[in-house]
Amino acid sequence: MVGISEEVYREVRDFLLREAELLDNGSYRDWLDCLTEDIRYQVPVRVTRDRGVESEFVNEMGHLDEDYVSLEMRVMRLETEYAWAEDPPSRTRHFLSNIRIEPGDRDDEVRVKSNLLLYRTRGDDPHYDLLSAERHDVLRRVNGQWKLARRLVLLDQTTIGTHNLSILF
Amino acid sequence: MSDEVIEIGNEFTFVRVRKVHTRNGVRLEIHSPRLGYRIQLDPLELESLTWQTTETFSRFLETPFGPRERLMRPLSEALICDRREE
Amino acid sequence: MILYQTTFGIKGVSNVTLSVGDRVNQVEQLLRRVKQNIDEGRVPAKIYNDPDIFELERERIFGRAYIYLGHESEIPHPGDYMVRYIADDNVIVVRDEEGQIRVLFNCCRHRGMQVCRAEMGNASHFRCPYHGWTYRNTGELVGVPAGKEAYGDVLDKGAWGLRPVPRMEIYDGLIFASLDAQAPSLNEYLGGMTWYLDLVTKRTEAGLEVVGAPHRWVMDANWKLPADNFVGDAYHTLMTHRSAVELDLAPRDPKFAMYGVHVHAGNGHGLGMISAPPGMELPPFWGYPEEVVRALQRSYPRPEQVEVARRINFLHGTVFPNFSVLNVMIAKDHRSAPTPMLTFRVWRPVGPDRTEVWSWFLVERDAPEWFKERSYQTYVHTFGTSGVFEQDDAENWRGITRVARGLMARDHDLNYQMGMSFLKRDPTWPGPGEAYPLDYAEANQRAFIRQWCEYMLNEA
């Protein structure tokens, strides 16, 4: 891991784990505090293509394509009394692994790749949905704290196997 | 002297295309690594392709794996050929 | 009646308590009751989750009706193709080398392998991965490996091309197909609905364009619930979408969706066109940018369409059975002004309690770039897989589907009576169909169910 110290590695890993914990606990306001104001948060649509095509991801269309304000809007919505999709809330579990860190474009940034397995279940239905993805993040140090400045979620499914994305990756 | 190789493919096959410089001129080489065929076309031949219809190519494809109809080239052969090419 | 028995004969294996005959009788009885009671505004919940009804729908609805496959702009160049579905049938929608659009059953004529496995691509010829049979993108069989040796050169290639679907027609860029060779023309099928589709498809000279690829996701809900919602349910916005109203994404009046016209356009197709609520100013023509507004005044075929569109801020509709349209002005977040956006839907049935949603975002090809971007963001934040409106709809549809599964649902009538006795038709309405001057109505939903009954009882 060229240019990344053990200390930075530990800090970044701790940040990602804490951030996942906030999402799983439904602490969305606190999660917003983990983001930079210029965050770009994208989950592009994927389409099955032949091996020769460079990428299966469709740049022009996202399942989510967010900035800070729209993420704040999604959180504010959950705080109303009428967000039926998440009331009763989904029970989610973010499983993170394969964390890889590289130096970023700026001195105060690192690029982080991680694998995500997201478990979701609702109500008394014993069935669950699993979403698997690779996340490409950019973390930036702001006033001594790591913040999420960019997240690109590369899903493994083209047809999403859950009834909506009222949850976050 | 070799120019950049362009790969062009879809879900059915792919080919490599490159400009090949001869001592006195230039040709366009189309190479099918899967089937092991290769053709080098000069500008006149290429030009003649421009007035063909789909019918011509449908006729070419009457034998979808080429005239010899080898269904697959042994991997070892493919590896040797491709190395030689580099 | 023969089809009916075949269908149930296959399914009957899994049922241990009832004979095939019992089950046929049960469905038959239920359908007769739906047909009888719909005039009183009563529909048994069971139609929203029943394996026998679903089997019959596959045959009688999806084997006969026109199903939306995609938009011409998704395959603009010769050789562009996409793989789509008519319920379970997998088809290749391709633009051939001459520019003609064809819909071919994606099943090799030799041993039935799926010929195209990528969801989209470009090819002049398709080659089957099983034995290499090769077809031109018109469907014509051109090549068979070892043709001489294996078939002695007597294979009649002309007889063994990829099969086109029995009927394929395009209305203003919208590609529809039917598996029924006896189906009426698409124009006849759509009937009065074309007048209203024009409001959406004919706004500018260059017309609509699909951006990127559709959102696709699977929800554990019956396909008729979203179709019913889009065909006429303005009423749900006040409760289901209350969070969006509170966040100012939609007009501040929770009953805003009431103030519109509710139109049954015939053949089960229907829509609602909603204007500004009283005491609220909303821009004319959905708030489209002036370039688009100027264009539509020239592009719409009839002046009455311009007058109707002038008052629309929200439009929702369904073409029977499972193609829906939503064209609404809403805000992309709580700090932005409302922007119009357009989405097309297919509610693809995959089970009595499972639907694959296809959701496209479209925008006028010749609209200003800033608008395209804003409209796209509005779509992604509000509708589609993660949209804050869409999320709550899915929750309701899956809940209904869950409770409709049991025995109680069989004689548990749902109320379809809204506007039934007191809401009078508007005789001055300039468009086709039956128009009611209030979108809190269920005439469209009743008409949809009637049409569904006619198909299911083989009377359409």
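**Note on salt bridges, helix packing and chain B**

1. C:Glu356 and C:Arg216 form a salt bridge in which the closest N and O atoms are 2.9 Å apart. C:Glu356 belongs to strand β19 (residues 354–364) of chain C and C:Arg216 to strand β13 (residues 215–219) of chain C, so the pair ties together parts that are 140 residues apart in sequence. Both C:Glu356 and C:Arg216 are buried. The model is a predicted one, and the remarks below should be read accordingly.

2. Over all chains, the structure holds 51 salt bridges. A few of them are taken up here, beginning with two that lie within helices of chain C.

3. The side chains of C:Lys372 and C:Glu369 meet in a salt bridge, with 3.4 Å from N to O. Because C:Lys372 and C:Glu369 are three residues apart in helix α12 (residues 369–382) of chain C, about one helical turn separates them. The two partners fall into opposite burial classes: C:Lys372 is buried, at a relative accessible area of 14%, whereas C:Glu369 is exposed, at 58%. The cut-offs behind these classes are under 20% for buried and over 50% for exposed.

4. In helix α13 (residues 390–403) of chain C, C:Glu395 and C:Arg398 are likewise three residues apart, about one turn of the helix. C:Glu395 forms a salt bridge with C:Arg398, and the closest N and O atoms are 3.3 Å apart. Here both residues, C:Glu395 and C:Arg398, are buried.

5. Chain A contributes a network of salt bridges rather than an isolated pair. The residues linked in this network are A:Asp38, A:Arg106, A:Asp108, A:Glu109 and A:Arg140.

6. Helix packing in chain C is the next point. Helix α6 (residues 193–201) of chain C and helix α11 (residues 303–310) of chain C pack at an angle of about 65°, and their axes are 11 Å apart. That angle makes α6(C) roughly perpendicular to α11(C), a class that runs from 65 to 115 degrees. The crossing of α6(C) and α11(C) is right-handed.

7. On the α6(C) side, the residues in this contact are C:Trp195, C:Asp198 and C:Leu199. They meet C:Glu304, C:Gln305, C:Val308 and C:Ala309 in α11(C). By class, the contact between α6(C) and α11(C) has four nonpolar, one polar and two charged residues.

8. C:Leu238 is placed in helix α8 (residues 237–240) of chain C. At 24% relative accessibility, C:Leu238 counts as partly exposed. Leaving aside residues up to four places away in sequence, C:Leu238 touches C:Pro254, C:Lys255 and C:Tyr440. The C-alpha atoms of C:Leu238 and C:Ala159 are separated by 57 Å, and these two residues are 79 residues apart along the chain.

9. Chain B has three helices and four strands. Read along the sequence, chain B follows the pattern β-β-β-β-α-α-α, so the strands precede the helices. Of the 86 residues in chain B, 26% are buried. Among the contacts in chain B with a separation of 6 or more, 22% are between residues 24 or more positions apart.

Technical notes
Residues are numbered from 1 along each chain as its sequence is written. Chains are lettered from A and ligands numbered from 1 in the order in which they are written. This is a predicted model: local features need pLDDT of at least 70, side-chain atom pairs count only at pLDDT 80 or more; totals for chains, interfaces and linings use all residues. Side-chain values use heavy atoms; hydrogens and water are left out. Axes are lines fitted to C-alpha atoms, for helices over the stretch in contact, and angles run from 0 to 180 degrees between N-to-C directions. Angles under 35 degrees count as roughly parallel, over 145 as roughly antiparallel, 65 to 115 as roughly perpendicular and the rest as oblique. A crossing is left-handed if the near helix is turned anticlockwise from the far one by less than a right angle, and right-handed if clockwise. Contact means heavy atoms within 4.5 Å. Ala, Val, Leu, Ile, Met, Phe, Trp, Tyr, Cys and Pro count as nonpolar, Asp, Glu, Lys and Arg as charged, and the others, Gly among them, as polar. A salt bridge is a side-chain nitrogen of Lys or Arg within 4 Å of a carboxyl oxygen of Asp or Glu. Buried means under 20% relative accessible area, exposed over 50%, partly exposed in between (1.4 Å probe, protein chains only).
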